[in-house]
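Biologist: I'm new to this structure and would like a close look at a single part of it. Could you walk me through the helix packing and the rings around it, and then show me a few other spots to visit?

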Protein chains: 2
Amino acid sequence: MNEFDRIATYFAPLAREPGAFGLRDDAALLSPPPGTSYILTKDCITEGVHFIGDEPANLLAQKLLRTNLSDLAAKGATPYGYLLGLMLPHATPDAWFAAFARGLAEDQERYGISLLGGDTTATQGRICLSLTAIGALTRPPLLRSGARVGDAVYVTGTLGDAALGLDVLQGKLPLPDTAFLIDRYRLPQPRCAIGPALFGIATAAMDISDGLLQDAGHLCRASHMGMVLRAEALPLSPTANAAMQQNPRLLQRVVAGGDDYELLFTAPKAETTVLASLAAQTQIAITCIGDVVAGDTPMLVDAHGAALDFPTPGYQHF
Amino acid sequence: MNEFDRIATYFAPLAREPGAFGLRDDAALLSPPPGTSYILTKDCITEGVHFIGDEPANLLAQKLLRTNLSDLAAKGATPYGYLLGLMLPHATPDAWFAAFARGLAEDQERYGISLLGGDTTATQGRICLSLTAIGALTRPPLLRSGARVGDAVYVTGTLGDAALGLDVLQGKLPLPDTAFLIDRYRLPQPRCAIGPALFGIATAAMDISDGLLQDAGHLCRASHMGMVLRAEALPLSPTANAAMQQNPRLLQRVVAGGDDYELLFTAPKAETTVLASLAAQTQIAITCIGDVVAGDTPMLVDAHGAALDFPTPGYQHF
């Protein structure tokens, strides 16, 4: 199949919004209902950096989409649509496109989002994938700025699983229950059910993609605040917890490994009960891991309140 | 400089819209004024496919932005903002980022557009660049569908220069005045002054990026129409014209070479005078190259009305 046959066969069926023009027009129309605004976000993932390259294409599609959905969730936005940029080696077979589109189709159902447009081009290098996600909002978005002294700091889900999953895939870490960790690395779980429920509760929010400490640093700078985060309070999966018991140095991976795609947010302590009931309702853990304090940077402390230092706070591409 | 220093140094100054949050929030807010809708388009360019790799980074930035602006112009949209996806080798130096941002800054002024957000990541392969452009509209967009029997077919500017420029760069074509052709390859001239002026005039429109015949085929299919295009009417630059006189087979490159970034549109013949005055006003040629007829495909004919056939109608990535 040539480029246009593939678009018609695999991707046009995913373009369910009328504004996508069935992908025939190389552009999409966004016609906002009154009172609606949009959040736009763009995350790229590349072979050998964000994924290893031997993953099934349906999982790559879902990782690409979900890393972006995580950004929408952090803003409190509801998924609406996305544009897709595929840069692929010339020899990419039809089966790859078919599997990629199948992964997208599943997640479109799961998250209520539609393909709007995009571009498929060849690359002479390795696979590069780019996605622009659009979320709808009827209120001002949650931002990284807004945290106040006295707020508590929360995270959703568990931290470090994905980083440990990558270590397992790279043969650096012999662990039992590797399937769980690998799944956490390959398939982020964007917290779309939590983000939009945080309006009126969270004072600042973001998603954790490059490591808790580095991302908390971004939130601190945007809010002109500091944080004290308690290592003992960090939510760990049973698997990550068992690994940490055996090798306490894995804490570095938990706080700075990246690929968590959990939400980090601040909220007044008075919201504790509301957050507990949100966690119960969504079946997604929401854990208080520390406090907002005066300052401009996050500090991780041990059970005795002593600061823990790490060589790097998170993943950096350059 | 690390990733975040580079964003703050080179890219944050380009984010002039309040909805870009100074690039601090990894997402942008689009708050539509009443009556405004948006066109979204996404084009990717990759090293070794859309550019050779030895181009100055400021020109790469401008090619990336302009290929997308060309799509906005084809819809009649006014440039508003863009999200940028840079996938770059680890060793990319600061100077590359500085030059890339300088190219963007110049074109932001030229076309009245602002950076809204994006992502910078490493790739283990060659350079891949992705951009999502957003244009504003207060009327329904120009589409590829809508051409009617009896309409004339028009193109802006001249065709084939960029394809010949690539041939020159690849050593395939010894030509005088190569600087002009190379410039046409490296620096598209999106017809932003023409597109929004075509409301109420054009019945269908698109931009030519992969070759006139292939792209005209897309317009024909979307409109359920055919076209008769006259080879003798195709607008050529003096340089391309001289090359064609020497080697008539270069017609293949003119009609199927790609990278023109000119507008192709159809309009009733009664609009001839209006279009002539638009061309005079913008100083951009608008040339009638044929007619819309019943059918489903474009046909290129010679001066005697005989059909001209080509091995491929345009550029295909796969």
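Modeller: Here is a walk that starts at one helix pair and moves on from there. Keep in mind that this is a predicted model.

Let's start with two helices of chain A. Any two packed helices can be described by the angle between their axes and the distance between those axes. For helix α1 (residues 3-11) and helix α3 (residues 94-111) of chain A, the angle is about 35° and the axes are 10 Å apart. The crossing of α1(A) past α3(A) is right-handed. Who makes the contact? On the α1(A) side you'll find A:R6, A:Y10 and A:F11, while α3(A) brings in A:D94, A:F97, A:A98, A:F100, A:A101 and A:L104. Sort the residues of this contact by character and you get seven nonpolar, no polar and two charged.

Some of those names come back when you look at the rings. A:F11, A:F97 and A:F100 join A:W96 in one aromatic cluster.

Now for ring pairs in general: searching the whole structure over all chains turns up ten aromatic pairs. One of them is A:Y154 with A:F265. Their ring centres are 5.3 Å apart and their planes meet at 15°, so this pair is stacked. What I like here is the reach along the chain: A:Y154 is in strand β6 (residues 152-156) of chain A and A:F265 in strand β9 (residues 262-267) of chain A, so to speak two distant parts, 111 residues apart. Both A:Y154 and A:F265 are buried. Hop over to chain B for another arrangement: B:W96 and B:F97 pair edge-to-face, with 5.8 Å from centre to centre and 80° between the planes. These two, B:W96 and B:F97, are buried as well.

Rings can also have a lysine over them. In chain A, A:K63 lies over the face of A:Y185, at 3.9 Å from the ring centre. In chain B, B:K63 lies over the face of B:Y185, also at 3.9 Å from the ring centre.

Back in chain A, take a look at helix α4 (residues 161-169). Is it mostly covered or mostly open? Mostly covered: eight of the nine residues in α4(A) are buried. Among them are A:L164, A:L166 and A:V168, along with A:D161 and A:D167. The buried residues of α4(A) pack against three other helices of chain A, namely α5 (178-186), α7 (238-246) and α8 (251-256). After α4(A) comes A:G171, with a positive phi near 75°.

Positive phi values turn up at residues other than glycine too. A:L23 has phi near 65°, and this leucine sits in the loop between α1 and β1 (28-30) of chain A. B:D26 has a positive phi of about 55°, and its place is the loop between α1 (3-11) and β1 (28-30) of chain B. B:D26 is partly exposed, as its relative accessible area is 24%.

For a last stop, find B:N68 in helix α2 (residues 57-75) of chain B. Buried or exposed? B:N68 has a relative accessible area of 0%, so this asparagine counts as buried. Leaving out neighbours within four places in sequence, B:N68 is in contact with B:T41, B:K42, B:D43, B:L131 and B:A133.

Note on methods
Residues numbered from 1 in each chain as written. Chains lettered and ligands numbered in written order. Predicted model: local features only at pLDDT ≥ 70, side-chain atom pairs only at ≥ 80, totals over all residues. Heavy atoms only, no water. Buried < 20%, exposed > 50% of the residue type's maximum accessible area, 1.4 Å probe, protein only. Helix = DSSP H or I, 4+ residues; strand = E, 2+ residues; numbered from the N terminus. Contact = heavy atoms within 4.5 Å. Phe/Tyr/Trp six-rings, centres within 6.5 Å; stacked < 30°, edge-to-face > 60°. Lys NZ or Arg CZ within 6 Å of the ring centre and 35° of its normal. Axes fitted to C-alpha atoms, helices over the stretch in contact; angles between N-to-C directions. Left-handed = near helix turned anticlockwise from the far one by under 90°. Nonpolar A, V, L, I, M, F, W, Y, C, P; charged D, E, K, R; others polar.
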